[in-house]
Structures are given as C-alpha cells and as structure tokens.
Amino acid sequence: MNSYDIIRRPVLTEKSYAGIPAKIYTFEVAKSANKVEIKKAVEEIFGVKVDSVTTAVIKGKLKRQGRTQGHTPDWKKATVRLTADSKAIEFFESLS
C-alpha cells in the first residue's frame, strides 16, 4: 500500500479548521492503516515532521428514503500533530 492509498482526503470541518493554527490536521485514511503507516505517509506526501497521530473509526449513519433504509460506510479518521519546528502543510495554509 503506497502513501496515496493510505491518505484518502482531508477532513474539512469547523473543528478541523480550529486546529490548523496549532499544526493539527485531520485526514480520512484507509481502515487497515495503522499509526506508523499514517505517520510515514504524511511525512512522505507533505514533507513535514509528524509528532503524534491519533485515530478513530467513525461508524456509518443510518440513511432512509421512504421505507428503504441503509447505512453509510464506516471510515477511519486520523488527527496528525506536527512538531513545533516543522513547516505547515501548504494545502491548509490558504484555509486558515
């Protein structure tokens, strides 16, 4: 699994925007990826130094349309904290 398969997309919410000035970024990642793989992938893709990684599996929500119902898929969220001497991720600089 290469780095671009591990990091799927950034999560852009009000809570994730609040962490950008403190160099805390949130990504949707592959469910099979562990913290070490996520750390290596972020360092390789963005060229930064990662201090810590926390992960959470987000359960899918129940969606209904009339009497038909189903669930959205579960997904894994990773919150990445960069070291103090690391540069910021350029993609997020324009958002803060």
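1. Let us start with a definition: rings of Phe, Tyr and Trp (its six-membered ring) pair if their centres lie within 6.5 Å, with planes under 30 degrees apart counted as stacked, over 60 as edge-to-face and the rest as tilted. With that in hand, you can look for a cluster in which ring pairs link Tyr 25, Phe 27, Phe 46, Phe 91 and Phe 92.

2. A word on what you are looking at. This is a predicted model, in which local features need pLDDT of at least 70 and side-chain atom pairs count only at pLDDT 80 or more, while totals for chains, interfaces and linings use all residues. Residues are numbered from 1 along each chain as its sequence is written, and side-chain values use heavy atoms, with hydrogens and water left out.

3. Now the ring pairs. A pair of aromatic rings is described by the distance of the centres and the angle of the planes. The search of the whole structure finds 4 aromatic pairs. One of them joins Phe 27 and Phe 46, which are stacked, at 5.7 Å centre to centre and 25° between the planes. Phe 27 belongs to strand β2 (residues 24-29) and Phe 46 to helix α3 (residues 35-46), so this pair ties together parts that are 19 residues apart in sequence. Helices (H or I, at least four residues) and strands (E, at least two) are DSSP runs, numbered from the N terminus.

4. Are these two rings buried or exposed? Buried means under 20% relative accessible area, exposed over 50%, and partly exposed in between (1.4 Å probe, protein chains only). Phe 27 counts as buried because its relative accessibility is 2%, whereas Phe 46, at 24%, counts as partly exposed.

5. Next come Phe 91 and Phe 92. Their ring centres are 5.2 Å apart and their planes stand at 85°, so this pair is edge-to-face. Phe 91 is partly exposed at 45% relative accessible area, while Phe 92 is buried at 3%.

6. Turn to the strands. An open sheet is formed by 4 strands in the order β1-β2-β6-β3, with antiparallel pairing. β1 (7-10) and β3 (50-58) stand at the edges with a single partner strand each, so one side of each is left without a neighbour in the sheet. The twist averages 30° from one strand to the next; axes are lines fitted to C-alpha atoms, for helices over the stretch in contact, and angles run from 0 to 180 degrees between N-to-C directions.

7. How many bridges join each pair of strands? Two strands pair if DSSP finds at least two bridges between them. β1 and β2 are joined by 3 bridges, β2 and β6 by 6, and β3 and β6 by 8. You can follow some partners by eye: Arg 9 has Glu 28 in β2 as its bridge partner, Val 29 stands opposite Lys 76 in β6, and Ala 56 stands opposite Lys 77 in β6.

8. Strand β6 (residues 75-82) is a nice one to inspect, since its side chains alternate. Lys 76, Ala 78, Val 80 and Leu 82 point to one face and are buried, while Trp 75, Lys 77, Thr 79 and Arg 81 point to the other and are not.

9. One last spot to check is Lys 23, in the loop between α2 and β2. Lys 23 has a positive phi of about 60° although it is not a glycine.
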